[in-house]
Amino acid sequence: MTAVSRTLPGVLYRRDPEAAEVPLVFDSPHSGTDYPRDFDFTCPLPILRSAEDTYVDELYGAAPELGATLIGAYFPRSYIDANRELGDIDQELLDAPWPGPINPGVKTKLGIGLIRRLAVPGLPVYQRKLSVAEVAARIERYYEPYHAELAEVADRLHARFGGVWHIDCHSMKSVSNAMASEGAGVNRADFVLGDRDGTTCAPEFTDFVLGFLRLRGYDVRVNDPYKGVELVRRHGRPKENRHSLQIEVNRKLYMDEDGFERNANLPRLKRGLHALVAALAGFVKERVAS
Ligand SMILES: [Zn+2]
């Protein structure tokens with residue numbers, strides 16, 4: 001495969017110029033494992049790493065050869081979370097008032113806003129306050145370029161094909177902790193699809209993915225407990241033929257959650273997701289002028 005990649009720092013971008021392009025874009029905002037030198041966290045790294053959606057970019061790695069574009073973050077989600085809105089600032093974490101508008105949501109109260117306060121329940125990421133300049137730099141160097149790249153791809157595909165379908169790719173711990181919306185100790189399904197209660201894509205898009213995965217024997221839930229956050233909210237405008245769906249996959253299906261190693265089932269899951277991408281490429285081709 002001849003893949004095109006760009007050199008925006010912090011952002012993975014892959015597309016295959018030899019594959020016939022389809023208006024399908026995958027983004028993996030939480031699989032980054034390059035911990036920036038100025039992060040300066042004090043909690044243990046293995047605990048901080050449990051916030052990662054480790055290997056999710058790899059799970060969808062075949063998307064470019066099927067004509068889709070794959071975007072991902074190289075930076076870790078615990079450094080700055082591309083799937084939060086900019087106002088989701090935790091003032092408690094800062095040594096001075098944030099100069100812009102803030103709109104801390106439920107996730108911020110749980111310690112997992114734009115910049116995480118807690119690694120896991122009860123364990124702070126830092127033993128210090130962050131400066132406003134430090135947070136502003138994370139937004140400028142990592143958050144904004146990530147969003148700019150995804151928006152550029154989505155706009156280009158929409159302009160070319162008249163429609164664009166976006167999958168926001170995540171993974172979830174197999175058992176919830178106390179920072180999860182459903183409370184601690186709940187076993188997760190194999191997959192959770194999120195379209196913010198039917199607002200970020202046409203229902204047929206969610207139904208197509210749901211049907212595909214269920215036919216393969218997976219336990220799949222929709223909008224329960226994850227409905228999708230900032231990325232599907234920004235990009236999902238079904239009236240404009242822009243469709244966004246979040247897919248959460250259970251980490252036990254592909255990795256050892258404590259040791260962060262791939263498990264023996266990863267290749268099987270990857271083949272299944274490759275087949276899903278191929279089916280989605282067919283789905284979108286039927287819905288646009290070629
Ligand atoms: Zn995620």
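Start at the metal: the residues that hold the zinc ion are spaced H-x22-D-x116-H along the chain. To see them, select His30, Asp53 and His170; the zinc ion is coordinated by ND1 of His30, OD of Asp53 and ND1 of His170, at 2.0 to 2.1 Å. Keep in mind as you go that this is a predicted model.

Now color the two histidines. They tie together distant parts of the chain, being 140 residues apart. Histidine 30 sits in the loop between β2 (24-28) and α1 (45-49), while histidine 170 belongs to strand β6 (residues 164-172). Buried or exposed, then, for histidine 30? Histidine 30 has 2% relative accessibility, so it counts as buried. Histidine 170 also comes out at 2% relative accessibility and therefore counts as buried.

**Zoom out**

Switch to cartoon and show the whole chain. You'll find seven helices and nine strands. The radius of gyration is 18 Å, close to the 19 Å that the globule rule gives for 290 residues, so the chain is as compact as a globular protein of that length. Turn it around and the C-alpha trace spans about 55 × 35 × 35 Å along its principal axes.

Of the 290 residues, 54% are buried. Take the contacts with a separation of 6 or more: residues 24 or more positions apart account for 76% of them. Put on a surface and you're looking at about 12300 Å² exposed, with carbon and sulfur atoms supplying 52% of it. If you color by charge, there are 37 positive and 41 negative charges, and their mean positions lie 2 Å apart.

**Back to strand β6**

Select serine 171, which is in strand β6. Its relative accessibility is 5%, so serine 171 counts as buried. What does serine 171 touch, leaving aside neighbours within four places in sequence? The list is Glu52, Asp53, Thr54, Val56, Glu248, Val249, Arg251 and Tyr254. Asp53 should ring a bell, as it is one of the residues coordinating the zinc ion. For a distance check, draw a line from serine 171 to histidine 158: they are 13 residues apart along the chain, and their C-alpha atoms are separated by 27 Å.

**The loop between β3 and α3**

Next, pick alanine 82, in the loop between β3 and α3. Alanine 82 has 0% relative accessibility, so it counts as buried. Beyond residues up to four places away in sequence, alanine 82 touches Pro29, Tyr143, Tyr146, His147, Glu230 and Leu231. Measure over to aspartate 168 and you get 11 Å, C-alpha to C-alpha, for two residues 86 apart in sequence.

Stay in that loop, which runs between β3 (69-73) and α3 (106-109), and click aspartate 90. With a relative accessible area of 9%, aspartate 90 is buried. Its contacts, setting aside neighbours within four places in sequence, are Thr108 and Arg117.

**Backbone oddities**

Three backbone stops to finish. Select aspartate 224 and proline 225: the peptide bond between them is cis, with omega near 5°. Proline 225 is in the loop between β8 (220-222) and α6 (230-235).

Then go to tyrosine 55, in the loop between α1 and α2 (56-59). Tyrosine 55 isn't a glycine, yet has a positive phi of about 70°. At 13% relative accessibility, tyrosine 55 counts as buried.

Last, asparagine 241, in the loop between α6 and β9 (242-250). Asparagine 241 has a positive phi of about 60°, again without being a glycine. Its relative accessible area is 25%, so asparagine 241 is partly exposed.

Key. Residues numbered from 1 in each chain as written. Predicted model: local features only at pLDDT ≥ 70, side-chain atom pairs only at ≥ 80, totals over all residues. Heavy atoms only, no water. Donors = N, O, S within 2.8 Å, 3.2 Å for Na, K, Ca; no water. Helix = DSSP H or I, 4+ residues; strand = E, 2+ residues; numbered from the N terminus. Buried < 20%, exposed > 50% of the residue type's maximum accessible area, 1.4 Å probe, protein only. Rg over C-alpha atoms; globule rule 2.2 N^0.38 Å. Contact = heavy atoms within 4.5 Å. Areas by Shrake-Rupley, 256 points an atom, 1.4 Å probe, with all protein chains shown as cover. Lys, Arg positive; Asp, Glu negative; His and termini not counted. Charge placed at Lys NZ, Arg CZ, Asp CG, Glu CD.
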